[in-house]
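What follows is a walk through a structure, starting at its metal ions and ending with its sheet. Please keep the sequence and the 3D view at hand.

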Amino acid sequence: MKTLVAAQRLSLMACAALALTACGTPAQPSGMDMPSTPAAPAAPVATNTVSIKDFAFAPPLVTVKAGTTVTWTNGDTEPHTVTSNGGGPLKSPTMNSGDTFRYTFTTPGHFDYLCTIHPFMTGTVEVTP
Amino acid sequence: MNEPDPDGMTRRQLLRHTAWFGAAVVLTVAAGEVISHIHTPDAPVPDDPNALRFVQVSDSHIGFTGAANTAVTDSFHRAVDQVNALPYRPDFVIHTGDLTHLSTPAQFDQVRQMMGGIRAGGLFTVPGEHDSVDDAGQKYRAAFGKGSTGDGWYSFDLKGAHFIALVNTLNLEKLGHLGVDQVEFVRKDVAGLSSDTPIVVFSHIPLFAMYPQWGWGTDDAGQVLNLLRRFASVTCLNGHVHQLFTKTEGNVTFHSATTTAYPLPKPGTAPAPAPVTLPAGQLADALGIREVTYRQGPQPLAVKDVRLA
Ligand SMILES: [Cu+2]
Ligand SMILES: [Fe+2]
Ligand SMILES: [Fe+2]
């Protein structure tokens, strides 16, 4: 029981410390919806290659001309996917470390995607005519 | 949700076992808050036969092969053994998701078989995002979705408490998401309940904003929590973050569980929530299972986090 109390106090402190970190940006009361913080608008980059590194798509926003094939390469040790939001065309298989995924964009448009395993990883392909 | 053994209880049977209440609070309640803590497995356990007692396991990630835990199957086996070695038979065991690492048929088959070795009155699951990597949860529901509705959600009553199992790992964008159908399900589900019914909510991703930058929150959780406002005691148990964390907001207490597979960094302490490889010998300290006890009365559920033996 002694160890128990000590462990409890320890974890109380851990919780308190963690609470500070976790809620430093004061966690909004969950009673309210959490709009995802609008990410600083990424500058579009004209390229057809996207690397996946440290759980992020880089660059997150690329522009290509219609007909271009875009290639994603997973440089992390963890698997990722390249998957359209909603009903879009991107649907990569699970990409293990070193795997690449290619997709040819035939029509102009704005294509948002994410990693289904780590949905905070998001990216966009802007296809121009 | 499938029967763990021939005499395991199905959800329908559980519904019939609502006649009596349980006993025994294991934990101190400090300032209205139940503190999760790791304790030694041989610490005393309550042995009131009327207590409602269940176990939460989470994030087994069967199929993970990284350096952070090169033997996740062994770890989950130990968790199952630990549940089976408890001095009581839990009313049920809930796995709060990321059963598999990559949703392959072989991984689902393996974790299903391993879950089948659990001795408990019932067996429940909610899916993690790792369980719907490439098919919006179809393989998950084929393996574990029996008796659920919608994308895999359900509820049940046991020993005076009402349990709601939610799916917030589909239709994601940055954060967990429940969707209007599920909110509607909860609205109807709790409509007839008296406000002193203790509510327990299971989800994979936290229903509170634990660290939204890493997706550790649910964008429309507020809609469900608003529906639960009138209840005296609401306990939300989640996985996903692979570490213990407890937080109380009004009538709701949130408890993030640890994992049986590998730790993740504390919020904001690393560039990304990538698996953490601990120094040799320290992994077991980061892994564990959770025992939850409830007895009738005004006190909240007692939550006890136990290190993996
Ligand atoms: Cu990912
Ligand atoms: Fe997980
Ligand atoms: Fe997860």
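The two iron ions, ligand 2 and ligand 3, lie 3.4 Å apart and are bridged by Asp98(B). The model is a predicted one, and these distances are computed from it.

Take the iron ion (ligand 2) to begin with. Its protein donors are Asp59(B) and Asp98(B), each through OD, and His61(B) and His242(B), each through NE2, at 2.0 to 2.2 Å from the ion. The angles among the four donor atoms run from 88 to 177°, and the site is irregular. A tetrahedral site would need all angles between 85 and 135 degrees, and the value of 177° lies outside that range. Along the chain, the donors follow the spacing D-x1-H-x36-D-x143-H. Within that pattern, Asp98(B) and His242(B) link distant parts of the chain, being 144 residues apart. Asp98(B) sits in the loop between strand E5 (92–95) and helix H3 (105–115) of chain B, while His242(B) sits in the loop between strand E10 (234–238) and strand E11 (245–249) of chain B. Both Asp98(B) and His242(B) are buried.

The iron ion (ligand 3) has its own set of protein donors, with Asp98(B) again among them through OD. The others are Glu129(B), listed twice through OE, His204(B) through NE2 and His240(B) through ND1, and the donors lie 2.1 to 2.6 Å from the ion. The spacing of these donor residues in sequence is D-x30-E-x74-H-x35-H. Glu129(B) belongs to the loop between strand E6 (123–125) and H4 of chain B, and His204(B) to the loop between strand E9 (199–203) and helix H6 (221–227) of chain B, so this pair ties together parts 75 residues apart in sequence. Glu129(B) and His204(B) are both buried.

The bridging residue also deserves a look at its backbone. Most residues other than glycine have a negative phi. Asp98(B) has a positive phi of about 55° although it is not a glycine. Its relative accessibility is 1%, so Asp98(B) counts as buried, the limit for that being under 20% relative accessible area.

Which other residue of chain B has a positive phi although it is not a glycine? Lys159(B) does, with a phi of about 50°. Lys159(B) is found in the loop between E7 and strand E8 (161–165) of chain B, and its relative accessible area of 4% makes it buried.

Another loop of chain B, between helix H4 (138–144) and strand E7 (154–158), holds Ser148(B). Is Ser148(B) buried or exposed? With a relative accessibility of 18%, Ser148(B) counts as buried. A polar atom of the Ser148(B) side chain lies 2.6 Å from the backbone oxygen of Gly145(B).

Now turn to chain A. One helix and nine strands make up its secondary structure elements, and along the sequence they follow the pattern α-β-β-β-β-β-β-β-β-β. Of the 129 residues in chain A, 39% are buried. Among contacts in chain A between residues at least 6 apart in sequence, 45% join residues at least 24 apart. Chain A exposes about 6,600 Å², of which carbon and sulfur atoms supply 64%.

Five strands of chain A form an open sheet with mixed pairing, in the order E1-E4-E9-E8-E6. Strand E1 (45–46) and strand E6 (83–84) of chain A stand at the edges with a single partner strand each, so one side of each has no neighbour in the sheet. E6(A) runs antiparallel to strand E8 (residues 109–114) of chain A, and two bridges join them. Here Ser84(A) stands opposite Tyr113(A) in E8(A). E8(A) is also joined, by six bridges, to strand E9 (residues 122–128) of chain A, again running antiparallel. In this pairing Gly109(A) stands opposite Val127(A) in E9(A).

A last detail concerns a peptide bond. Most peptide bonds are trans. The bond from Ala58(A) to Pro59(A) is cis, with omega near -5°. Pro59(A) lies in the loop between strand E3 (57–58) and strand E4 (61–65) of chain A, and E4 is one of the strands in the sheet order given above.

Notes. Residues are numbered from 1 along each chain as its sequence is written. Chains are lettered from A and ligands numbered from 1 in the order in which they are written. This is a predicted model: local features need pLDDT of at least 70, side-chain atom pairs count only at pLDDT 80 or more; totals for chains, interfaces and linings use all residues. Side-chain values use heavy atoms; hydrogens and water are left out. Donors are N, O and S atoms within 2.8 Å of the metal (3.2 Å for Na, K and Ca); water is not among the atoms, so sites may look incomplete. Four donors count as tetrahedral if all angles lie between 85 and 135 degrees; four count as square planar and six as octahedral if opposite donors are over 155 degrees apart and all others between 65 and 115; anything else is irregular. Helices (H or I, at least four residues) and strands (E, at least two) are DSSP runs, numbered from the N terminus. Buried means under 20% relative accessible area, exposed over 50%, partly exposed in between (1.4 Å probe, protein chains only). Two strands pair if DSSP finds at least two bridges between them. Contact means heavy atoms within 4.5 Å. Accessible areas come from the Shrake-Rupley method with a 1.4 Å probe; for residues, only the protein chains shown count as cover. A polar contact is a pair of N or O atoms within 3.5 Å; within protein, one must be able to donate a hydrogen and the other to accept it, and residues adjacent in sequence count only if both atoms are side-chain atoms.
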